[in-house]
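Welcome, and thanks for opening the viewer. We will go from one selection to the next, with a short note on what is there at each stop.

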Amino acid sequence: VYFDLPGVDPWDESRDARLYEGPWPVVAHPPCERWGRYWSGGPSAKVRRRLGDDGGCFTSALASVRRWGGVLEHPEASHAFEANGLPDPPKSGGWVGVLGGGWACCVEQGHYGHRARKATWLYVFGTEPPELIWGPSRGERLDEGFHSRRERERERARGVPPRKRLSTLENIATPIPFRDLLLDIARSVLIT
């Protein structure tokens with residue numbers, strides 16, 4: 001969603017954003033799979049994974065935001081925030097100051113065009129954070145909330161129909177209005 005935009009130089013997986021050496025402010029979206037609620041692979045995973053095993057991507061993204069300014073985005077309840085000394089921002093919204101500088105908040109991407117509510121934590125450094133749309137959005141609830149395959153099968157047997165879910169690509173997509181908001185934050189950083 002960041003490619004082919006004037007003044008934007010995306011560093012995706014193929015360029016390895018951990019190698020970024022500036023000098024421009026960043027919009028960081030480090031991988032979240034090993035930091036979220038299902039970091040271990042989920043209740044029916046055949047292979048257990050290690051919490052935070054992202055090859056140093058989150059730590060590198062945080063260092064880039066603190067060095068060059070900008071914004072880091074991660075899912076709400078990300079274990080990466082606590083592991084890196086960032087506060088858990090209140091789900092109700094509002095910016096909270098971070099020890100050592102910067103601001104953190106929880107905002108729902110449903111306010112900015114995502115089909116789901118998609119609660120997201122942001123960390124901003126090097127600029128005053130903007131006012132956002134706080135609180136619950138009208139996004140659809142798209143997960144069924146089952147804890148295991150057995151529980152899901154039991155509900156299907158009782159006649160509970162499946163709830164339509166987002167595809168993986170729809171789920172991880174950044175809506176254009178939210179992308180533009182993050183770019184505006186990065187562009188507001190004063191380079192020193």
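## First stop: W121

Select W121 and show its surroundings: leaving aside neighbours within four places in sequence, W121 is in contact (heavy atoms within 4.5 Å) with L72, E73, H74, P75, E76, A77, S78, F81, D88, P89, C105 and C106. Before going on, please note that this is a predicted model, in which local features need pLDDT of at least 70, side-chain atom pairs count only at pLDDT 80 or more, and totals for chains, interfaces and linings use all residues. Residues are numbered from 1 along each chain as its sequence is written, and side-chain values use heavy atoms, with hydrogens and water left out.

W121 is found in strand β5 (residues 119–125); strands here are DSSP runs of E, at least two residues, and helices are runs of H or I, at least four, numbered from the N terminus. With a relative accessible area of 4%, W121 is buried (under 20%; exposed is over 50% and partly exposed lies in between, with a 1.4 Å probe and protein chains only). Try a C-alpha to C-alpha distance from W121 to P89: these two are 32 residues apart in sequence and 7.2 Å apart in space.

## Next: E76

Now select E76, in the loop between β2 (70–75) and α2 (79–83). Is E76 buried or exposed? E76 counts as buried because its relative accessibility is 17%. Beyond four places in sequence, the contacts of E76 are R37, K91, C106, A119, T120 and W121.

## Then the cysteines

Move on to C106, which counts as buried at 2% relative accessibility. How many disulfides does the structure hold? The number is zero, taking a disulfide as a pair of cysteine sulfur atoms within 2.5 Å. For C106, the nearest cysteine sulfur is that of C105, 7.1 Å away. For C57, the nearest is that of C32, 11 Å away.

## Last stop: the cores

Select F81, which touches F58, L72, L86, W121 and Y123, among others more than four places away in sequence. The largest nonpolar core (buried Ala, Val, Leu, Ile, Met, Phe, Trp, Tyr and Cys residues joined through side-chain atoms within 4.5 Å) has 19 residues, and F58, L62, V65, L72, F81, L86 and Y123 have the most contacts inside it. Colour β1 (26–28), α1 (57–68), α2, β4 (103–108) and β5 to see the elements that give two or more residues to this core. The largest share, five residues, comes from α1. Finally, a second, separate core of 14 residues includes Y112, F178, L181 and I185.
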